[in-house]
Amino acid sequence: MPPKICLVLTENTIGKDLQLIEHYRQWIDAVELRADFLDPQELLHIRKFPELAGLPVILTIRRLLDGGQFKGGEGSRITLFARGLAFADSDPVKNFAYLDLESDMQVPSLEEAAQAFNIGIIRSLHSTEPIRDLVSTVREIRRTDDEIVKIAYKAHCLADVTRLFQQAGTIKGPNTLIAMSKYGIPSRILAPRLHSAFVYTLPQDYMTKANLAQEFIDPITLQTVYRFRSITESTKIYGVAGADTSKSLSPAIHNGGFVRKGKDSVYIPISAVTVEEVLDFAQCAGISGLSVTHPFKFDIIPFLDSIGPASKASGAVNTVLCNEGCRQGFNTDIDGFTRALQEFLHIKTLRFRHVAIIGTGGAAHAIANAVYQLHGNACVFGRTAEKAQNLAERYGFRWAVLDLASVPLLKKYSAVIIQATCSGMQEDEDPLSFYSFSGYEKVFDVIYTPEKTALLKRAEHAGCAVTNGYDMLRYQAYKQFELFTGGSYE
């Protein structure tokens, strides 16, 4: 059975929870009533909730120590569970479908009452540390063969998620396995591969308010972007790998292409600390191809069996194909940036143009190559002299350290300013804060989230023509799509 999409209800009244259900009804299969979120007076009415909800409901009263909000004693909590079971009906629609009981909770009377009315038991364990031996842990927790064992632990790195995937196939009986934190997003999107009974989602507004957007997915995104209900054992998996891919727009672009071209494929965000973790996870999860972003565009090269001409020319890789143990590296940033820049400037060549390239990372390497091919006259500005010099000398460009002392040189190369660092993803970051725009510069910032960085806002206010990196992103993604599928995106 495919996992049920379960919406966790986070409001403080039953009425508001019912409104959430109506908003998301077409996107969900079940809901979890978090009674620990409800106001005290609302708890008197939880018994009526399943019938009002009109779909399967899990009753959960999460303790503080398990990340919940219930502050009462264990006796009070047991009484609430009993209230949820009181006067159980022969019509299952009027009963809770499941009780979520922690692994250390032993109340035989509750379990017997639930079993008498075919109310399922979810035996849950929440941990702030990764669990090394999932098989033994599940065996210790499970009390009856039909209990669903739910294990949710915080992943401190992608390796903790890989371990989850490695052990999932050896666990017997129904279960739900979740790795929490930004590293654990693949465990939610790929829940069918983990044979989980449920995938837990949150309302979009609550995710934003509680700052949980990095580690949860709302039901609409899960279905419209990732086509969750279509993921099977035969679905091909692709992904974008970087230090933090939670805000990446690449999944929407690639998954949109898969839908349009009728491909049984899904593209997911993969956040990691090291490139070794990425490759281990890719092998374990059977990933067919990767988009590679900051900071792995250089680090991944030693682990590849071959790289294409564009990668050799730029010294950076942003695309990897994984085929029967062979890893091939490519660079589509050059084509993507070239097309985006030409459209922004309405030109075919940079001949006689003075260009400032800000940064020395993977994107800067691709951009420098593109500027060289377009016959631009450029200067590379970097935080460290060595990196700036190494990149500049590759193409016969000038170079300088990115600081106040270099302003005269920056002005000389300011006809087109290309910001190619990650600085600016936070609202107040501006890598050129020491530079005053004249209004004549054309400013291209490779960052696309936020839509306008502090740098772009300041340049636009001065009268400059500006653009962000979204067009570069989608054009390079189109090239990646061709590599992944062998067919055109557009």
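Lys452 counts as partly exposed because its relative accessibility is 34%, which falls between the 20% and 50% cut-offs. Keep in mind that this is a predicted model. The side chain of Lys452 meets that of Glu460 in a salt bridge, with N to O at 2.7 Å. And Glu460? At 36% relative accessibility, Glu460 counts as partly exposed too.

While we're on charged pairs, a search of the whole structure turns up 20 salt bridges. Some of them share partners, and in that way Glu32, Arg62, Glu74, Arg77, Asp100 and Glu102 are joined into one network. Let's pull two members out of that network: the side chains of Arg62 and Glu102 meet in a salt bridge at 3.4 Å, N to O. This pair links distant parts of the chain, 40 residues apart. Arg62 sits in the loop between strand E3 (57–60) and helix H3 (74–85), while Glu102 belongs to strand E4 (residues 98–102). Are these two buried or exposed? Both Arg62 and Glu102 are buried.

Now move along to another charged pair, Lys297 and Asp333, whose side chains form a salt bridge at 2.7 Å, N to O. Lys297 is found in the loop between strand E11 (287–292) and strand E12 (306–307), and Asp333 in helix H13 (residues 333–345), so the salt bridge ties together parts that are 36 residues apart in sequence. Lys297 is buried, and Asp333 is buried as well.

Stay around H13 for a moment and look at Asn331, in the loop between strand E14 (326–330) and H13. With a relative accessibility of 6%, Asn331 counts as buried, since the cut-off for that label is under 20%. What does the side chain of Asn331 reach? One target is the backbone oxygen of Ala316, at 2.9 Å. The Asn331 side chain also reaches the backbone nitrogen of Ile334, at 3.3 Å. If you set aside residues up to four places away in sequence, Asn331 touches Ala310, Ser311, Ser314, Ala316, Val317, Asn318 and Ala366.

For another buried residue, go back to Ile14, in helix H1 (residues 14–24). Ile14 has a relative accessible area of 6%, so it is classed as buried. Which residues is Ile14 in contact with, leaving aside neighbours within four places in sequence? They are Leu38, Glu42, His45, Ile46 and Phe49. Take Glu42 from that group: its C-alpha atom is separated from that of Ile14 by 6.6 Å, although the two residues are 28 apart along the chain.

Finally, head for the sheet. Here you'll find an open sheet of 6 strands with parallel pairing, in the order E17-E16-E15-E18-E19-E20. Its edge strands are E17 (398–401) and E20 (465–467), each of which pairs on one side only. Going from one strand to the next, the twist averages 15°. Helix H15 (residues 385–395) packs on this sheet, where it touches strand E16 (377–382) and E17. The direction of H15 makes about 170° with that of E17.

To see one of the strand pairs up close, pick out E18 (residues 416–419) and E19 (residues 442–445), which pair in the parallel sense over 4 bridges. If you want a spot to start tracing, try Val416: its bridge partner in E19 is Lys442.

Notes: Residues numbered from 1 in each chain as written. Predicted model: local features only at pLDDT ≥ 70, side-chain atom pairs only at ≥ 80, totals over all residues. Heavy atoms only, no water. Pairing = 2+ DSSP bridges. Helix = DSSP H or I, 4+ residues; strand = E, 2+ residues; numbered from the N terminus. Axes fitted to C-alpha atoms, helices over the stretch in contact; angles between N-to-C directions. Contact = heavy atoms within 4.5 Å. Salt bridge = Lys/Arg side-chain N within 4 Å of Asp/Glu carboxyl O. Buried < 20%, exposed > 50% of the residue type's maximum accessible area, 1.4 Å probe, protein only. Polar contact = N/O pair within 3.5 Å; in protein donor to acceptor, adjacent residues only side chain to side chain.
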